[in-house]
Amino acid sequence: MKTVYTCFCTDIIHDGHRNILREAAKLGRVVVGVLSDPEMLRYNRFPTRTLAERMEMLRAEDLVDEVIVQEHIFYDEILEKLRPDYVIHGRNWAQGPESALRSNVLACLARLGGELVEPPYTYNEEVVEIDRRMREHLAMPERRRGRLRRLLEIIPIVKTIEVHNGLTGLIAEKTVVENDGGLDQFDAMWISSLCDSTTRGKPDIELVDFSDRIQTINEVMDVTTKPVILDMDTGGTAEHFAYNVRTLERIGVSAVIVEDKTGAKRNSLFGTEVAQTQDTIENFSEKIAAGKKALRTDEFMIIARIESLILEKGQEDALRRADAYVAAGADGIMIHSRAKTPDEVLAFCDAFHASHPDIPIVAVPSSYNTITEAELAAHGVRIVIYANQLTRSAFPAMEETARSILVHHRAHEADQNLMPIKDIIRLIEVM
C-alpha cells in the first residue's frame, strides 16, 4: 500500500482537517505528523494542548493509520525518513509566508520521488466559527495570562516587540516571515511607558496614569492573543504596586517589569546626565514581596529591572541587588544598559546565570543593538525586548509624509511611501 503523509499544527480537528484525511485515505496508508511545540510557535500557532494530547487526538480519527512527531516546520527530515508516495495539504498555503513550506515540499519530492496533492481549502460556516472561537479562546485573560511562563518552557528565547495601540498589536500578532530554515514571528508584546507617553504627546515621566495604561492594554488585548509584558516604571509605593499588579493579573497581563528607581521618573537612557535616584535594596525588595503576596495565581510574573549599570554603579552592585530581588520573590531579572556594546550586560548575565540558572534574564538591546538573539541566549537571556522600534520607525515616516504634502500641496508624491489602505484593512478582521 502506498504511503500518504500530511502534517497538522492544530489543537482541534474540524471538517477541513477531516476532508484532508478523507482525500488522503483514498490514496493509501495515512501517516499524520504532529508539529512539535517549538515549531508550532514559529508557525504562529500557540499550542493549547500538549504534544501528547495532540497526538492522541489524531489517533482517535478512524482514517489515521499512524501518528508521528514532525520536529521541524520544513519537511526535509521527515520526508527523507518516510519517503512517502504522496504529501497532501490544502491549497491555502500557496500564498504568503507558508508558500515557503510548499516550495520546500516540492523540492523534496522532486529529489526523493512522490507527488504533492492539494485538495481545495474547506470553507464553511462551521470551520470559520471554530477558527474564530479558537482565537477568542487564546485571547481570554485566564488563557493569556500564563502563556509567558509556558513560552519560557518551550523556546530558548522569547522575542518581544513594543506595541502601543491596537494596530501595532496586530502587526506584532500577524507578522510572520520565512527565516533561517523556518518561519519566524514575535512571541510576546511589550507595552512601554515611554511609547505609551510618546503616542499621547507627553513626556516619559510617569505622567500617564494607571487608568490610561489600562486603556492601552485593553486596546491591544481586544485584537490580539499574544502575552503582554507591561513596563510599570517604578511601580509607585509598595501599597499601590500590590493593588495594581492584582488588577493586571485579573485582566490577563502575563508580567510586569518594575525598575529599582525612586522619585521623579527620568528615562534610563539619559543615565547620569539627569538626576536619577536608585531605591534602596531593602525598599525595593519590600515592593516586590508586596506585589507577590497580592497575586491570586502562580502564572503572573514580577520582573525586577536593575538600573545599576545605567547609573554607573558597577556590576557588583547589580549582582548584589539581583540576589536580593530574587530572594524577595522576583520571577525574573532585567538588566539595563545604555552602553553601545553588550559587554557589561553579558558579564552580568554570565555571573548571574551561574548562581541562578532557573531565573529568566531579560535584555533590552536598544543601544547595543548589534547583538543577536542567539548570542544573548548563549549567555542565559530568556526574554529579549525590542522596546521602542515601532514607535521610532513610525515618527520619521509620518513626518516625511506631512512634509511632502506641505511641499507639493497634494498627496500624490507621498503615495510611493504609503501602504495601500486595503492592506491595512485586511489586518483588521470583521467580527
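These notes cover the sheet and some of the helix packing in a predicted model.

1. The sheet. Five strands make up an open sheet with parallel pairing, and their order is 3-2-1-4-5. Strand 3 (66-70) and strand 5 (115-117) are the edge strands, each pairing on one side only. On average, and with direction ignored, neighbouring strands of this sheet are turned by 30 degrees against each other.

2. Strands 4 and 5. Strand 4, residues 86-88, pairs with strand 5 in the parallel sense, over three bridges. One residue pair can be named here: V87 has L116 in strand 5 as its bridge partner.

3. Helices on the sheet. Helix 1 (residues 15-25) lies across strand 1 (3-8), strand 2 (29-35) and strand 4. Its direction is at about 170 degrees to strand 1. Helix 5 (residues 99-112) lies across strand 4 and strand 5, and runs at about 145 degrees to strand 5. Strand 4 is thus crossed by helix 1 and by helix 5.

4. Helices 11 and 12. Helix 11 spans residues 210-223 and helix 12 residues 238-251; they pack with their axes 12 Å apart, at an angle of about 15 degrees. Angles under 35 degrees count as roughly parallel, so helix 11 and helix 12 are roughly parallel to each other. The crossing of helix 11 past helix 12 is right-handed.

5. The contact between them. From helix 11, F210, I214, I217 and M221 meet N244, T247, L248 and I251 of helix 12. By class, this contact has six nonpolar residues, two polar residues and no charged ones.

Terms used. Residues numbered from 1 in each chain as written. Predicted model: local features only at pLDDT ≥ 70, side-chain atom pairs only at ≥ 80, totals over all residues. Heavy atoms only, no water. Pairing = 2+ DSSP bridges. Helix = DSSP H or I, 4+ residues; strand = E, 2+ residues; numbered from the N terminus. Axes fitted to C-alpha atoms, helices over the stretch in contact; angles between N-to-C directions. Contact = heavy atoms within 4.5 Å. Parallel < 35°, antiparallel > 145°, perpendicular 65-115°, else oblique. Left-handed = near helix turned anticlockwise from the far one by under 90°. Nonpolar A, V, L, I, M, F, W, Y, C, P; charged D, E, K, R; others polar.
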